[in-house]
There are 2 protein chains.
Amino acid sequence: MNKLDPLLHQELRLAIISFLATVERADFKKLLEVTEATKGNLSVQISKLQDAKYIKVTKTFKGKYPHTQCAITPTGSKALEAYVMAIKNLLNL
Amino acid sequence: MNKLDPLLHQELRLAIISFLATVERADFKKLLEVTEATKGNLSVQISKLQDAKYIKVTKTFKGKYPHTQCAITPTGSKALEAYVMAIKNLLNL
DNA sequence: TTAATTTGGTTTATATTGTAAACTAGTTTA
DNA sequence: TAAACTAGTTTACAATATAAACCAAATTAA
C-alpha cells in the first residue's frame, strides 16, 4: 500500500503546508487567517511541522511585538509531493 | 474553509470507500486484501462507514461460513465526491 | 497611574480516535 | 478430539487533536 504520511494527513497541517507551498513565507497571523484555526491549534501544528523539518520557523520582532514566520523546506516540499501522489493514487485521480 | 469530512479523512476508511467506488461490491476478504489492514481495524472502520450509511453491509452465508459484502451507497458516493473536491481544493489540484 | 484590553503567541487537559490484541463462534483437518 | 483455520467482532490501550487556559509584553481607556 501507499501509506499516507500521517504528519501530513491532518487537515490543519495539510492546510498550513499546502498554503506555504504557494508562497515564499507566511506569518502566524496570515496562517490564522487562511486556515481559520484557533491560535492554540495553529501553534501546536506549526510545531509538529517544524519538528519534522517540513517547515522552517523564524521568530523575530516586528517593532515591539513577536513575529513568527514560516516557510516550507525542501524536505517539506518533497513530503507534500509524496503525499499528493499517494492520495491521488488512493482516490483514483 | 472547505472542511474535510472527518469520517472520510482517515486512511483506511478512505481506502475502503475509494475501492468500493470502483466495484459493484466487495467482501471482507477482498477488502482485507486490497487495504492490507488487520481484520479488527477493517471491521471497526466498516462499521463506522455503515453507521453513516456511506456503505451497505450484507451478511449472508457462503456455504457454512459467514460472508460479509459491502457496497457503496448513493450517500457514500456523494460524500466521497465532496471529499475529493475539498481535498483537491486544499491541495491546489 | 493603574486597570482593562489587545497582541501574539504557548501550554496542557480533555475528548476523540485509531489500532492491534484478544476474543467469539463455528468448521475443517489430522 | 485436539489443533488449526475461517470469518469476523469486541475492547483496551495508545496516539492524536483541539480548545481553553495561560503567559508576557504593549497599548488604550478611565
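Through which surface do the copies meet, and what share of the interface residues of chain A are also interface residues in chain B? The views below take up that point and the sheet of chain B. This is a predicted model, in which local features need pLDDT of at least 70, side-chain atom pairs count only at pLDDT 80 or more, and totals for chains, interfaces and linings use all residues. Residues are numbered from 1 along each chain as its sequence is written, chains are lettered from A and ligands numbered from 1 in the order in which they are written, and side-chain values use heavy atoms, with hydrogens and water left out.

**View 1. The two copies and their axis.** A turn of 180° with a shift of 0.0 Å along the axis lays chain A on chain B with an RMSD of 0.0 Å (least-squares superposition on the C-alpha atoms of residues with pLDDT of at least 70 in both). That is the relation of a two-fold axis. In chain A, A:H9 has the C-alpha nearest the axis, 3.9 Å from it. As for the opening question, 100% of the interface residues of chain A are also interface residues in chain B, so the copies meet through the same surface.

**View 2. The contact between chain A and chain B.** Here 23 residues from chain A meet 23 residues from chain B, where contact means heavy atoms within 4.5 Å. Together the chains bury about 1,900 Å², 66% of it on carbon and sulfur atoms (accessible area, 1.4 Å probe, lost on being put together and summed over both parts).

**View 3. A salt bridge across the interface.** The rule finds 2 salt bridges between chain A and chain B (a side-chain nitrogen of Lys or Arg within 4 Å of a carboxyl oxygen of Asp or Glu). One joins the side chains of B:K3 and A:E11, at 3.1 Å from N to O. On the side of chain A that touches chain B, the elements giving two or more residues are helix 1 (11–20), helix 2 (28–35) and helix 4 (74–90) (helices are DSSP runs of H or I, at least four residues; strands are runs of E, at least two; both numbered from the N terminus). Helix 4 of chain A gives the most, with 6 residues.

**View 4. The sheet and hairpin of chain B.** Three strands form an open sheet, 3 strands in the order 1-3-2, with antiparallel pairing (strands pair if DSSP finds at least two bridges between them). Strand 1 (26–27) and strand 2 of chain B stand at the edges, each with a single partner strand, so one side of each is left without a neighbour in the sheet. Strand 2 (residues 55–62) and strand 3 (residues 65–72) of chain B pair over 8 bridges. B:T58 has B:Q69 as its bridge partner, and B:K62 stands opposite B:Y65. The hairpin has 2 residues between the strands, and B:G63 takes a positive phi near 65°.

Notes. Buried area is the accessible area (1.4 Å probe) that two parts lose on being put together, summed over both.
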